[in-house]
Amino acid sequence: MQKVIVIGCPGSGKSTFSRALSKKMGLPLYHLDLMKWNADKTTVERPVFLERLSAVLPLEKWIIDGNYGSTMEWRMEHCDTVFFLDFSTEDCLDGIEMRMGKERPDMPWVEMEHDKEFEDYVRAFNTVQRPSILELLEKYKEKDIIILKNRAQVDEYLDLY
């Protein structure tokens with residue numbers, strides 16, 4: 001396990017899991033949200049985002065945390081391990097609620113209020129985005145793919161190290 005991507009619905013705990021895995025495995029951690037977002041909640045131009053990501057992919061070791069469907073296959077091509085946090089919608093909504101108002105090292109701002117559009121995205125994730133993720137996982141089945149279904153499984157996995 002040298003090149004790892006961590007994917008899953010927002011609120012599933014990708015960043016929290018990635019930080020813990022990075023600490024246990026000694027792998028450098030890169031958050032896609034920090035590559036994409038500015039502190040004022042605007043995004044960088046796509047070429048800037050792609051340039052930032054392309055600077056990480058050739059490195060010898062990394063964990064890349066985040067979904068960003070437009071670059072997911074590119075990251076799968078370069079990784080050796082995929083963690084898919086395949087949580088229920090309710091677990092993800094709970095995760096978003098738990099992080100509200102907290103500083104996070106994976107985001108350049110503190111979320112202070114509910115965002116209905118974002119919550120609607122989370123509600124639709126398992127129906128809309130999840131099938132594409134499963135197709136990619138099947139396409140790249142030679143990778144080491146670990147699917148964790150809830151926070152207890154995440155904790156159990158991390159306890160192995």
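## Lys 143: buried, unpaired

Lys 143 is buried (under 20% relative accessible area, 1.4 Å probe, protein chains only) but forms no salt bridge, that is, no side-chain nitrogen of Lys or Arg within 4 Å of a carboxyl oxygen of Asp or Glu. Its nearest side chain of opposite charge is Glu 142, 4.4 Å away. Here Lys and Arg count as positive, Asp and Glu as negative; His and the chain ends are not counted.

Lys 143 sits in the loop between α7 (130–139) and β5 (144–148). Helices (H or I, at least four residues) and strands (E, at least two) are DSSP runs, numbered from the N terminus. The Lys 143 side chain reaches the backbone oxygen of Glu 77 at 3.3 Å. Beyond neighbours within four places in sequence, Lys 143 is in contact (heavy atoms within 4.5 Å) with Met 76, Glu 77, Cys 79 and Asp 80.

## Basis of the model

This is a predicted model: local features need pLDDT of at least 70, side-chain atom pairs pLDDT 80 or more, while totals for chains, interfaces and linings use all residues. Residues are numbered from 1 along each chain as its sequence is written, and side-chain values use heavy atoms, without hydrogens or water.

## Thr 89

Thr 89 belongs to helix α5 (residues 89–99). Leaving aside neighbours within four places in sequence, Thr 89 contacts Val 122, Arg 123 and Asn 126. Its C-alpha atom is 8.8 Å from that of Ser 12, 77 residues apart along the chain.

Technical notes
Buried < 20%, exposed > 50% of the residue type's maximum accessible area, 1.4 Å probe, protein only. Polar contact = N/O pair within 3.5 Å; in protein donor to acceptor, adjacent residues only side chain to side chain.
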